[in-house]
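Here's a quick tour of some local geometry and packing. Have the coordinates open in your viewer as you read.

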Amino acid sequence: MPEIVPLKAFKDNYIWTLRDGKSAAVVDPGEARPVTDYLAREGLALVAILATHHHPDHVGGIAELVAAGKVPVFGPKGEPIPALTHPVGEGDAAQIPELGARFSVLEIPGHTRAHVAYYGLGSLFCGDTLFACGCGRVFEGTPAQMLVSLQKLAALPDATRVYCGHEYTLANIRFARAVDPHNPVLAAREARARALRDAGKPTLPSTLGEERDTNPFLRCAEPAVVESANKYLGARAAGPAQVFAAIREWKNKF
Ligand SMILES: [Zn+2]
């Protein structure tokens, strides 16, 4: 089973790197340099690239990486992914034989039109859709579509490790506490996340069980979250989609 290592990029991006033996694959290489430095230092050969969506901070390094040696590039069909060789959508699989890995592709539109997640090895690579204790902004889809995408991810097993694209956890928890102020699991999570950041460590991966217990965007039917959404709206939200839209809008201004 490959080891999964975070490489830091830009201010708060992670390039998740899977390695086994002499082979490595990367998820969302927004820049090439952290990857080429790591591969050289560790004596690894790049064997595949996985992209979740087309934003430059996720795909900006792909052209340079494949120029150094052609490898399969998996990414959502319907989005402009540089050097894409394997366009994928719902029900497809991304196979990386050198790592003994196979990932199922889930379509999770909302942040972008055709955003995908990769699920396998008990791990979920979900780009900018699900974050630790938060979710991505809705740029190219609708809030209702984003909620369906998040619900699809939330249906995976509790123990699933969640590898998202950014280190936003502490800021997300601060907002989550405003929405869900009496959630004791959330308070404990904040203490744990703060200790990790103080030690210079990533707060990721989280688990889906933890997200279901604490992430307000996966808790749009919980009375405490509904009540906060109603307060924000100054009216009664008609259902989970409206609750989601309200707290997503609130988070943008928070
Ligand atoms: Zn993005």
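What follows walks through a few backbone oddities, a histidine and a helix.

## Backbone spots to check

This is a predicted model, and a few of its backbone angles deserve a look. Start with the peptide bond running from Leu-204 to Pro-205: it's cis, with omega near 0°. Pro-205 sits in the loop that links helix H6 (184-198) to strand S14 (206-207).

Next come two non-glycine residues with positive phi. Asp-28 has phi near 55°, and you'll find Asp-28 in the loop between strand S3 (23-27) and helix H1 (33-42). Leu-121 also has a positive phi, of about 55°; its place is the loop between strand S9 (116-120) and strand S10 (123-125).

How do these two fare for solvent exposure? Asp-28 has 4% relative accessibility, so it counts as buried, the cut-off being under 20%. Leu-121 comes in at 23%, which makes it partly exposed.

## Around His-53

His-53 belongs to the loop between strand S4 (45-50) and helix H2 (56-59). Its relative accessible area is 0%, so His-53 is buried.

What does the side chain of His-53 pair up with? There's a polar contact of 2.9 Å to the side chain of Thr-52, and another of 3.4 Å to the side chain of His-111. Leaving out residues up to four places away in sequence, His-53 also touches a mixed bunch. Among them are His-58, His-115, Glu-79 and Asp-128, along with Pro-76 and Ile-81. Asp-28, the buried residue with the positive phi, is one of the residues that His-53 touches too.

## Helix H1, inside and out

Which residues of H1 are buried? They are Pro-34, Val-35, Tyr-38 and Leu-39. Look down the axis of H1 and these buried residues fall within an arc of 125°, so they line one face of the helix. The face turned away from that buried side carries the exposed residues Arg-33, Ala-40 and Arg-41.

As for packing partners, the buried residues of H1 pack against strand S1 (3-9), strand S2 (13-20), S3, S4 and helix H3 (62-67). Two of those names came up earlier: S3 leads into the loop holding Asp-28, and S4 into the loop holding His-53. After H1 comes Gly-43, with a positive phi near 65°.

How values were computed:
Residues are numbered from 1 along each chain as its sequence is written. This is a predicted model: local features need pLDDT of at least 70, side-chain atom pairs count only at pLDDT 80 or more; totals for chains, interfaces and linings use all residues. Side-chain values use heavy atoms; hydrogens and water are left out. Helices (H or I, at least four residues) and strands (E, at least two) are DSSP runs, numbered from the N terminus. Buried means under 20% relative accessible area, exposed over 50%, partly exposed in between (1.4 Å probe, protein chains only). A polar contact is a pair of N or O atoms within 3.5 Å; within protein, one must be able to donate a hydrogen and the other to accept it, and residues adjacent in sequence count only if both atoms are side-chain atoms. Contact means heavy atoms within 4.5 Å. The arc is that of the directions from the helix axis to the C-beta atoms.
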